[in-house]
Amino acid sequence: MKIFTSITQWQAYRSSLQESPLGFVPTMGALHQGHLSLVEASCRQNALTVVSVFINPEQFDESADFEAYPVDHEKDLKQLEDAGVDAVLLPDVTQIYTDDYRFKVTENDFSRRFCGAHRPGHFDGVLTVVMRLLNLVRPDNAYFGEKDYQQLHLIRDMTAAFFMPVNIVACATIRETDGLAMSSRNQHLDEQQRAKAAALYASLKQGPTVDQARQTLAGLGFEIDYVEEIAGRRLAAVRLGNTRLIDNVEI
Ligand code: AMP
């Protein structure tokens, strides 16, 4: 497995590649089975798989969340190697933002709702980094999780709007046995919060209406950012202490 910390070296390698199709999985690291399911799908469907591990500061609206974000490159690289990944992009911030974030992608409609209404600038940061990474990697197929449902749709719409020659592949949410969607942030939950966290998925699935799901979650002590429905999907973001959890289910 090749590891690139230098964008220049990555670009030289990318130009030399003959294999196709090329699959790409962008991540922020602290990898778990959710990420690995995307990697496995890419390895199955492509001649070559590239993964990026980059904690994108521009998508964090709270500096404490950015500073506390878990980092374990050694473990991540071992998991990616075992999964059969061909190359990993591990750039630092200055390599990705040579312009100091002077240029960015902004979406003015869907990104203002749901998570965007509670996290100013978040989706600008996400779309901008994904645009940069897709331009660097030039994959045929790029893999994103349904867990981040709003993000997946915004990325799909962005690639269509900018005529980007990439196929966006959606992958199902991977859950713990009690239903909690896997997330790098779950490590921040204490024992009590972790026990409670599974109720997010259960309430979204079982609450007959959005109002009832909201009431159940509030009654259990979740602080609610939103519980909403759109196009046959029920989406929520809640907080347990300092940890923000998101999830969505088909209805
Ligand atoms: P992140 O490292 O959180 O930016 O996530 C990288 C990619 O993995 C995104 O496309 C996420 O939607 C996806 N992902 C994260 N958690 C899960 C999960 N539990 N199931 C499926 N995909 C996930």
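## A walk along strand S8 and into two pockets

S8 and S9 make a hairpin with 2 residues between them, and in the turn Gly241 has a positive phi of about 60°. That's our starting point, so zoom in on Gly241. Keep in mind as you go that this is a predicted model.

**Stop one: S9.** Select residues 243–250, which make up strand S9. S9 runs antiparallel to S8, and 8 bridges join the two. For one pair facing each other, pick Val238 and look across to S9, where Leu245 stands opposite.

**Stop two: S7.** Now go to the other hairpin, and select residues 223–230 for strand S7. S7 and S8 are antiparallel as well, paired over 7 bridges. Click on Ile230 and then on Arg233, its bridge partner in S8. This hairpin, too, has 2 residues between its strands, and here Ala231 takes a positive phi near 45°.

**Stop three: S8 itself.** Select residues 233–240. Is this strand buried or exposed? 8 of its 8 residues are buried, so S8 is largely enclosed by the rest of the structure. Buried here means under 20% relative accessible area. In a regular strand, side chains alternate between the two faces of the sheet. Try colouring the two sides of S8 separately: Arg233, Leu235, Ala237 and Arg239 go on one, and Arg234, Ala236, Val238 and Leu240 on the other. Both faces are covered.

**Stop four: the largest pocket.** Stay with Arg239, since this residue is also part of the lining of the largest pocket. Add Asn242, Thr243 and Arg244, then Arg119, Arg185 and His188, and finally Asp61, Glu62, Ala64, Asp65 and Ala68. That selection surrounds about 240 Å³ of space. Which helix gives the largest share of the lining? Helix H3 does, with 3 residues. H3 covers 63–68, and both H3 and S9 supply at least two lining residues each. Colour the lining by class and you'll get 7 charged, 3 polar and 2 nonpolar residues.

**Stop five: the second largest pocket.** Last one! Select Val53, Phe54 and Ile55, followed by Phe66, Tyr69, Val71 and His73, then Leu90, Pro91 and Val93. They line a pocket of about 170 Å³. What does the lining look like by class? There are 9 nonpolar residues and 1 polar one, with no charged residues. Flip back to the largest pocket, with its 7 charged residues, to see the two linings one after the other.

How values were computed:
Residues numbered from 1 in each chain as written. Predicted model: local features only at pLDDT ≥ 70, side-chain atom pairs only at ≥ 80, totals over all residues. Heavy atoms only, no water. Buried < 20%, exposed > 50% of the residue type's maximum accessible area, 1.4 Å probe, protein only. Helix = DSSP H or I, 4+ residues; strand = E, 2+ residues; numbered from the N terminus. Pairing = 2+ DSSP bridges. 1 Å grid on protein atoms, 1.4 Å probe; cavity = no way out; pocket = protein on both sides within 12 Å on 5 of 7 lines; lining within 4 Å. Points joined across faces, edges and corners; volume = space filled by probe spheres on them. Nonpolar A, V, L, I, M, F, W, Y, C, P; charged D, E, K, R; others polar.
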